Amino acid sequence: MSSAELLSFTAEDHKYMARAIQLAKKGMYLTAPNPNVGCVLVKDNEIVGEGWHAKAGEAHAEVNALKQAGQKAEGATAYVTLEPCCHHGKTPPCSDALIKAKVKHVIAAMIDPHSKVAGNGLKQLEQAGVYVQHGLLEEQAKALNPGFIKRMQQGLPYVRCKLAMSLDGRTAMASGESKWITSAAAREDVQYLRAKSAAIVTGVGTVLADDPSMTVRLEGEYKQPIRVVVDTNLSMPTTAKMLSEPGKTILMTCSADDAIAQVLKDAGADIHVMPYCNTSVDLKSVLQQLSDMHINDVLLETGATLSGAMLQAGLIDELIIYMAPVLMGNDARGLFALPGLENMQDKIELDIIDQRLVGQDIRLTAKVRQH
């Protein structure tokens, strides 16, 4: 039977691919800019090898699984969450490794959206006599790598907007005081959001008001995300905490003041001059620039003005809102600045995709409904 024919997948196939997806998640914090991938090798209904991509620059999932399987890989079925790569990067092609190991059957959850692969990995395997299929648990596999997929397909990173608010939708008192609305458990949860983001984006207003560090503060091995400040007129103080933190801080600006730029560079900032959009930095250009830097996932941690502008520009993919069981009153500051919403037909609709308790706070995850 040709591998081009449509076959249904068995319960066993689902079980092994689910295991591969579970393995892929083990690399969540260290694989960027590469995708998270897991692989399970099965022979005679027994797992003979497992692997995942653990860290960028190191062996891919298939190679790790083949290494564990050894000679048992011959004649085995490989369940892979992403089509095996067929091009030379920092490591050799995984398609070659599978062929060399004489694997007889490869099931990929999804086609790799990278232009250098895009079906060619499976084609190479098929031409070598390997039986190939794809599409098993595809949606679950896509959920592993939304940033990688979006960057490959659209040239933009996946943007999550993190917000903390009271039960009545307020983010700070009228004075600007905002520490702390949510519990310690919610604040720790945010650290994991930061850890799986290659960049954190904020506005200079947040820096001036709160002087945040915007670093990952967790035990263990995690990459520090790049800190990106949208700073149209180069108002960033040279004493800002984030300039002395490990890693890179980038200011996205429209200012042509070379003297101020040099002072900020001397203080530790990278300066990227961006195009204007109306009277501020063009926000889509900021994301395109980050995509060009191979950044898949962005966490937006900022105030109502920038988050509102990003939302109205259609640049936010996902909202993560921590809602604390407190009330802050009418005079406190709102969640988004959204000028122009005057009628019910103008409202922005969301789809809640997850809701759970984190300590005493409710964490809502939502996507903007597309019309």
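**Reading strand β10 in a predicted model**

Biologist: In this predicted model, what is said of residues 1-6, and why should they not be read in detail?

Modeller: Over residues 1-6 the pLDDT stays under 50, and the model has 7 contacts beyond four places in sequence for them. Where pLDDT is low, the predicted coordinates should not be read in detail.

Biologist: What is the mean pLDDT of the chain, and which elements have the lowest and the highest mean?

Modeller: The chain has a mean pLDDT of 90, with 96% of its residues at 70 or more. Among its elements, strand β12 (residues 276-277) has the lowest mean, 72, whereas strand β14 (residues 297-300) has the highest, 98.

Biologist: Why is strand β10 called mostly covered?

Modeller: Buried means under 20% relative accessible area, and 5 of the 5 residues of β10 (residues 249-253) are buried. Thr 249, Leu 251 and Thr 253 point one way from the strand, Ile 250 and Met 252 point the other way, and all are buried.

Biologist: What makes β9 and β11 pairing partners of β10?

Modeller: Pairing requires at least two bridges between two strands. Strand β9 (residues 226-230) pairs with β10 in the parallel sense over 4 bridges, and 5 bridges join β10 to strand β11 (residues 269-273), again running parallel, so both cases satisfy the requirement. Val 229 has Leu 251 in β10 as its bridge partner, while Thr 249 stands opposite Ala 269 in β11.

Biologist: How does the chain cross from β10 to β11, and what is the hand of this crossover?

Modeller: The chain passes through helix α9 (residues 258-266), and this β-α-β crossover is right-handed.

Methods. Residues numbered from 1 in each chain as written. Predicted model: local features only at pLDDT ≥ 70, side-chain atom pairs only at ≥ 80, totals over all residues. Heavy atoms only, no water. pLDDT = per-residue confidence, 0-100. Helix = DSSP H or I, 4+ residues; strand = E, 2+ residues; numbered from the N terminus. Contact = heavy atoms within 4.5 Å. Buried < 20%, exposed > 50% of the residue type's maximum accessible area, 1.4 Å probe, protein only. Right-handed = clockwise from strand over helix to strand, strands pointing away.
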